[in-house]
Amino acid sequence: MAEDTRATGVPRRTAVAGAVVIAGAAAGCARYAEPAAEAPAESGGGAAEGTVLGAASDVPVGGGKVFADKKVVVTQPAKGEFKGFSTVCTHQGCAVNKVKDGTIDCPCHGSKFAIKDGAVTAGPAKKPLPAQEVTVADGKIVLGSGGAAEPTKEKPPKESKPAEKPPVKGLTSTKDIPVGGGKVFEKEQLVITQPNEGEFKGFSAICTHQGCSVNQVKGGTINCPCHGSKFEVGDGSVRSGPATKPLPYRSLKVDGDQITLA
Ligand code: FES
Ligand code: FES
């Protein structure tokens, strides 16, 4: 394939992380590795393709840089070789926040991932960080392939980037949701509550503190195992921190006794 010089007049180099995108979360972990961050995560996965992340010169050789707001970490394992990964830790979905000594590190429980391929070098995470395609053009790191790109040394990831889950039909029965309580749907990253009889509410299961998955509804709150944040079953507001923002709402459709995502 020819070099792409369309937009800038300079050749592009695509750097694709070798790790396969993993759509699941680690065993025992309550979530799919979707957007996780301090902010409510209702708007879906990281930044859009084509987003400029920053200057390639900001990414040290043998290290990397976390673009927290874009939910992407870019590394440069060898000079001129750039790789991108999701910042969502595959253990419980916290955001990785540091690149040091050849690894990308998660602050929550200490998981470490290799800068070269996102592979786990230290648990408790068991799965690699999902790859995110990045392109370097004109000294800038851009998300995605940029349309056409030079062949890469490694195969591009086959699977898709973290994305919104499609609505699931007949997710659950209204009978499964206790009045005054709720239920966590790990795969859908969803919590359904029934604060009052016949009133059903849906929330994102992604904790607004550091993106772990909430995993329990008890005592009138939706609870996060990572640092103990609790959210009200009625409106997702914070009952106790460290989270400071409510759980984002997710729309539900109740049809007879069947509840689905709207
Ligand atoms: S080590 Fe990252 S969420 Fe547990
Ligand atoms: S991620 Fe810290 S309390 Fe949920």
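Strand 18 (residues 230-232) and strand 19 run antiparallel and are joined by two bridges. One of the pairs to look for in this predicted model is Lys-230, whose bridge partner in strand 19 is Ser-240. The two strands belong to an open sheet of four, ordered 16-17-18-19 with antiparallel pairing. Strand 16 (216-218) and strand 19 (238-240) are the edges of this sheet, each pairing on one side only. From one strand to the next, the twist averages 35 degrees.

Just past strand 19, there is a backbone feature worth a stop. Pro-242 sits in the loop between strand 19 and strand 20 (252-255), and the peptide bond leading from Gly-241 to Pro-242 is cis, with omega near 20 degrees.

**The protein as a whole**

Stepping back, the secondary structure consists of 21 strands and zero helices. The protein has 262 residues, of which 45% count as buried. Among contacts with a separation of 6 or more, 56% come from residues 24 or more positions apart.

**A three-stranded sheet**

A second sheet to visit is open as well, with three strands in the order 3-4-5 and antiparallel pairing. Its edge strands are strand 3 (64-67) and strand 5 (81-86), each of which pairs on one side only. Here the twist averages 20 degrees from one strand to the next. Strand 3 is joined to strand 4 (residues 72-78) by four bridges, and these two strands run antiparallel. If you want a landmark, find Lys-65, which stands opposite Val-74 in strand 4.

Strand 5 also holds Phe-85. Is this residue buried or exposed? Phe-85 has 28 other C-beta atoms within 10 Å, and a residue counts as buried from 20 upwards, so Phe-85 is buried. Its C-alpha atom is separated by 8.9 Å from that of Ile-115, although the two residues are 30 residues apart along the chain.

**The largest nonpolar core**

In soluble globular proteins, nonpolar side chains tend to be buried together. In this model, the largest nonpolar core has 51 residues, and the members that touch the most others are Val-73, Val-74, Ile-104, Ile-141, Val-191 and Ile-222. Strands that each supply at least two residues of the core include strand 3, strand 4 and strand 5, along with strand 8 (112-114), strand 10 (134-137), strand 11 (140-143) and strand 14 (190-196). Why does this core lie between domain 1 and domain 2? Domain 1 (13-143) and domain 2 (172-261) both give residues to the core, so it lies between the two.

Val-73 gives a good view of the packing. Setting aside neighbours within four places in sequence, Val-73 is in contact with Gly-64, Val-66, Phe-67, Phe-85, Thr-87, Val-96, Val-99 and Ile-104. The buried Phe-85 of strand 5 is thus one of its partners.

**A hairpin after the core strands**

Strand 14, one of the contributors to the core, pairs with strand 15 (residues 199-204) in the antiparallel sense over five bridges. Within this pairing, Ile-192 stands opposite Gly-202 in strand 15. The two strands form a hairpin with two residues between them, and Gly-198 in the turn has a positive phi of about 80 degrees.

**Loops with unusual backbone angles**

Two aspartates deserve a look, as each has a positive phi although neither is a glycine. The table sets out their angles and places.

| Residue | Phi | Loop | C-beta neighbours within 10 Å |
|---|---|---|---|
| Asp-101 | about 50 degrees | between strand 6 (98-100) and strand 7 (103-105) | 11 |
| Asp-138 | about 55 degrees | between strand 10 and strand 11 | 14 |

Which of the exposure classes do these counts give? A residue is exposed with 12 or fewer such neighbours and buried with 20 or more; Asp-101 therefore counts as exposed, while Asp-138 is partly exposed.

A cis peptide bond also joins Gly-123 and Pro-124, where omega is about 15 degrees. Pro-124 lies in the loop between strand 9 (120-122) and strand 10.

Conventions
Residues are numbered from 1 along each chain as its sequence is written. Chains are lettered from A and ligands numbered from 1 in the order in which they are written. This is a predicted model: local features need pLDDT of at least 70, side-chain atom pairs count only at pLDDT 80 or more; totals for chains, interfaces and linings use all residues. Two strands pair if DSSP finds at least two bridges between them. Axes are lines fitted to C-alpha atoms, for helices over the stretch in contact, and angles run from 0 to 180 degrees between N-to-C directions. A nonpolar core is a set of buried Ala, Val, Leu, Ile, Met, Phe, Trp, Tyr and Cys residues joined through C-beta atoms within 7 Å. Domain bounds come from an automatic or database domain assignment. Two residues are in contact if their C-beta atoms, placed from the backbone, lie within 7 Å.
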